[in-house]
Amino acid sequence: MVSGLESIDLVTVLLVILAGFCAGWVDAVVGGGGLIQLPALLALPGMTPVHALATNKMGSVFGTTTSAVTYARRVRPDLGTAIPMALVALCGAFGGAALASALPSRIFKPIILAAIIAVAVFTIVKPQLGQYTELRLKGRRHFAAACGLGGVIGFYDGLIGPGTGSFLVIALVSGMGYAFLEASAKAKIVNMATNIGALLLFAPSGALLWGLGLVLGAANMAGGYVGARMAVSRGNRFIRWVFLAVVAALAVKLGIDVWNENFA
């Protein structure tokens with residue numbers, strides 16, 4: 001079993017811990033912590049993309065679980081919607097990870113980038129969006145929509161990955177009518193499931209760096225706990241501004257990817 005810590009000095013370990021804490025905090029508030037954590041892992045000497053992806057998922061499982069439990073105790077989200085959505089998302093993430101080699105992500109990234117920009121503009125021009133929960137669907141239609149969104153976003157997480165938590169918040173707020181705080185609480189439960197789904201594929205392959213993953217997991221747990229408590233105490237307005245900042249960062253990241261894959 002490879003720990004991933006054999007060739008890393010103390011200063012680098014501390015930087016990884018800092019990245020993990022910040023990623024856990026961002027994930028807990030609005031999602032998108034992978035934008036911090038994954039690049040930090042890829043910058044480590046000798047790190048391959050598959051090891052970075054697997055270890056990133058392992059660290060994120062700890063953080064999303066911690067923030068999900070914190071939200072569940074303080075916000076008490078509707079588990080009748082969140083749990084089925086999470087189970088479908090887990091299956092979607094496993095399927096997306098299994099098809100990642102067959103379906104190149106460059107096909108999807110321009111579409112995702114356009115959708116992100118559209119949602120960001122819509123959120124800016126609609127300042128009341130996500131301030132209150134006003135569900136657009138009821139009963140079976142609400143349940144079906146939640147499961148459908150979980151499956152699609154779970155598949156995205158397995159296939160491409162970055163910003164899954166943010167996409168969940170986008171879908172729950174603009175698509176289903178939840179307030180930001182309620183959406184973030186549900187998103188953590190679903191995101192925890194998508195991380196587990198991807199790990200179910202990565203773990204048997206030997207791609208996990210267990211020692212490094214546990215260090216990241218501890219840092220993620222601390223960041224997730226602090227972020228979830230801060231989000232609950234500061235409410236929807238705070239989450240909205242963090243959401244816009246993370247979406248902007250995600251748009252820049254995907255924009256650079258699209259440019260490099262098609263024009264560089």
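Author: Quick definition before we start: a helix axis here is a line fitted to C-alpha atoms over the stretch in contact, and angles run from 0 to 180 degrees between N-to-C directions. Helices are DSSP runs (H or I, at least four residues), numbered from the N terminus.

Reader: Ok, and what kind of model is this?

Author: It's a predicted model, where local features need pLDDT of at least 70, side-chain atom pairs count only at pLDDT 80 or more, and totals for chains, interfaces and linings use all residues. Residues are numbered from 1 along each chain as its sequence is written, and side-chain values use heavy atoms, leaving out hydrogens and water.

Reader: At what angle do α2 and α9 pack?

Author: About 135 degrees, with the axes of α2 (residues 34-42) and α9 (residues 210-262) 10 Å apart.

Reader: Cool. New topic: how many salt bridges are there?

Author: Three, where a salt bridge is a side-chain nitrogen of Lys or Arg within 4 Å of a carboxyl oxygen of Asp or Glu. One of them joins K57 and D157, with the closest N and O atoms 2.7 Å apart. K57 sits in α3 (residues 49-74) and D157 in α6, so the pair ties together parts 100 residues apart in sequence.

Reader: Is that pair buried or exposed?

Author: K57 and D157 are both buried (under 20% relative accessible area; exposed is over 50%, partly exposed in between, with a 1.4 Å probe and protein chains only).

Reader: And where do E182 and K186 lie?

Author: Both are in α8 (residues 180-202), four residues apart, about one turn of the helix. Their side chains meet in a salt bridge at 2.4 Å, N to O. K186 is buried, at 0% relative accessible area.

Terms used: Helices (H or I, at least four residues) and strands (E, at least two) are DSSP runs, numbered from the N terminus.
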